[in-house]
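User: Please take a close look at a single part of this model, one strand together with its partners and the contacts around them. A connected account with explicit cut-offs would be appreciated.

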Amino acid sequence: MIRLVGHSPNRFIKFLHGCGLALTTRLSLPLRFVEENHDVNAMDRLLKTVKDIMISQWHGQTLLIIGEYQTILLLYESVTHLLVSIMPIRKPGLWSEALLNTSNALGQTTETSLTNQDPLVPRHMYDSYTELILPFGSSARRKEEYINASGGIRMGKLMEHLDSLAGSISYKHMLGPGVQTLGRIQEHGFYIVTASVDRLDMLTPLDPSKDLRLSGQVIHTGRSSMEVAVKMETIGSGQPDYETVLLGRFSMVCRDANTHKARPVNPLIISTPEERSLFAMGEHTKKRRQSGALRSLSRVPPNWAEAKALHDFYLQYGQSDAEEPGESDTTGEKVWMGDTRIGNCMIMFPQERNVHQKVFGGYLMRLAYELGVASAILLTRGPVRFLSLDGISFTQPVPIGSILRLRSMILHTSTPSQSEFPQLVHVGVKANVVDVMTGSEQTTNDFRFTWCKDEGEGIPRKVVPKTYTEAMLWLEGRRALELGEEIRGLRQK
């Protein structure tokens with residue numbers, strides 16, 4: 001359900017031209033590259049414009065940072081509700097109470113009382129706007145909690161915040177902008193989980209000497225799903241303008257607290273041309289994600305160009321079985337894909353739970369990121385810089401107390417002749433829950449990341465698949481690196 005409020009067509013057309021939304025250039029590129037870059041560039045401009053329009057309607061704003069970094073409030077004299085409050089969505093109450101409630105609920109009926117649900121009140125996009133400020137530039141103590149060995153910021157911890165932010169935004173959309181605390185999900189009758197992360201693209205290197213603002217809002221709603229756009233900006237240091245560092249898109253779904261089936265979400269009110277464009281982007285992203293799943297190499301064979309690229313690579317690197325892995329030839333060092341696999345195994349403790357008593361998705365993102373970056377460092381034999389999260393699927397929740405096994409493997413690499421960087425590395429990380437009774441494993445998450453070695457000369461190490469399964473993973477990595485290169489190249493132009 002969408003309710004459109006009148007707008008000016010001339011203003012809309014002028015805005016589209018101002019944002020560069022016309023797709024009249026670079027038509028020779030594959031359509032998916034043009035569409036993806038169009039979304040990255042336009043979404044950045046649209047989010048800025050929507051926020052400017054939103055702020056222009058409010059007066060007497062005061063920014064208060066309360067406590068640590070858990071709560072940020074913007075108070076406006078002209079409104080009676082809190083506009084941007086981070087809603088805690090982790091560890092509500094004691095774990096002992098959660099265990100007791102679970103035990104008591106075993107004998108209770110799980111019928112859904114749809115008649116008792118509150119009416120689905122339409123929301124504005126700005127109702128869900130939420131932001132979090134991390135004062136890296138203005139607080140040495142805060143920066144110390146996030147700093148890595150080379151003096152940069154731990155990106156895995158920022159991903160943890162982004163997932164928490166997306167959840168807070170989604171709950172605010174459902175419960176209303178004035179709600180400050182979530183409470184128990186049984187009181188509301190629903191909970192929200194991350195279904196997937198479409199992309200997180202670094203648009204510029206992260207400057208650890210500046211404060212960082214994480215923000216976002218719901219830009220599209222389906223029947224039981226929400227598309228959430230998030231961004232990171234550097235602020236402060238006397239700069240009048242904010243620089244966008246990262247843009248990303250989360251897909252969130254709403255579930256009934258009793259039946260765990262899909263539950264309807266509040267529809268969006270579309271009141272400006274800019275919001276209409278953002279809504280269309282969210283709809284397009286959702287459809288592209290669905291069509292991309294149908295084109296997955298686990299469903300359909302590679303196209304002719306991909307088959308030829310794989311065969312050419314095989315002729316150059318895959319035939320000399322006599323050559324031991326790790327030996328060098330005239331084209332660089334060959335590394336078998338299977339030999340790049342590393343992993344770890346751990347117990348999931350209740351300190352990392354979310355509001356519905358499962359392992360928090362952002363924590364899993366951090367674990368996967370840190371294992372993946374270790375793989376990239378081992379391959380490149382030096383520090384690397386994060387470029388993009390190319391996709392995450394959340395297929396099953398991870399229970400508290402379960403044993404989680406993470407495995408990381410390099411899926412594709414590129415060299416200076418194929419990239420602007422000395423070397424690009426695409427890494428896949430798979431998370432499995434282990435059944436301790438049978439030893440069987442069930443995949444819960446699949447993560448894809450891209451890093452680059454942007455200092456010094458790249459080591460021409462080629463990751464070579466041995467099996468057909470590895471060959472398909474190699475092609476998926478190739479697709480991801482091509483898409484990322486086009487996004488960065490078109491954006492720079």
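Analyst: A residue is called buried when its relative accessible area is under 20%, exposed when that area is over 50%, and partly exposed in between (1.4 Å probe, protein chains only). Helices (H or I, at least four residues) and strands (E, at least two) are DSSP runs, numbered from the N terminus. The model is predicted, so local features need pLDDT of at least 70 and side-chain atom pairs count only at pLDDT 80 or more, while totals for chains, interfaces and linings use all residues. Residues are numbered from 1 along each chain as its sequence is written, and side-chain values use heavy atoms, with hydrogens and water left out.

The part chosen is strand β9, residues 243-256. Of its 14 residues, 12 are buried, so the strand is largely enclosed by the rest of the structure.

Pairing of strands requires that DSSP find at least two bridges between them. Strand β6 (residues 190-202) is joined to β9 by 11 bridges, and the two run antiparallel; within this pairing, L200 stands opposite G248. Strand β8 (residues 225-235) also runs antiparallel to β9, through 10 bridges, and here T234 stands opposite E243. In a regular strand the side chains alternate between the two faces of the sheet.

Side-chain contacts add to this picture. A salt bridge is counted when a side-chain nitrogen of Lys or Arg lies within 4 Å of a carboxyl oxygen of Asp or Glu; the structure holds 23 of them. One of these joins D198 and R249, whose closest N and O atoms are 2.8 Å apart. Because D198 belongs to strand β6 and R249 to strand β9, this pair ties together parts that are 51 residues apart in sequence. Both D198 and R249 are buried.

Another salt bridge is formed between the side chains of E233 and K231, at 3.7 Å from N to O. E233 and K231 are both buried. These two residues also belong to a network of salt bridges that links them with D44 and R213.

R213 has a further contact, lying over the face of Y242 at 4.2 Å from the ring centre. Such a placement requires NZ of Lys or CZ of Arg to be within 6 Å of the ring centre and within 35 degrees of the ring normal. A second case of this arrangement is K157, which lies over the face of Y146 at 4.6 Å from the ring centre.
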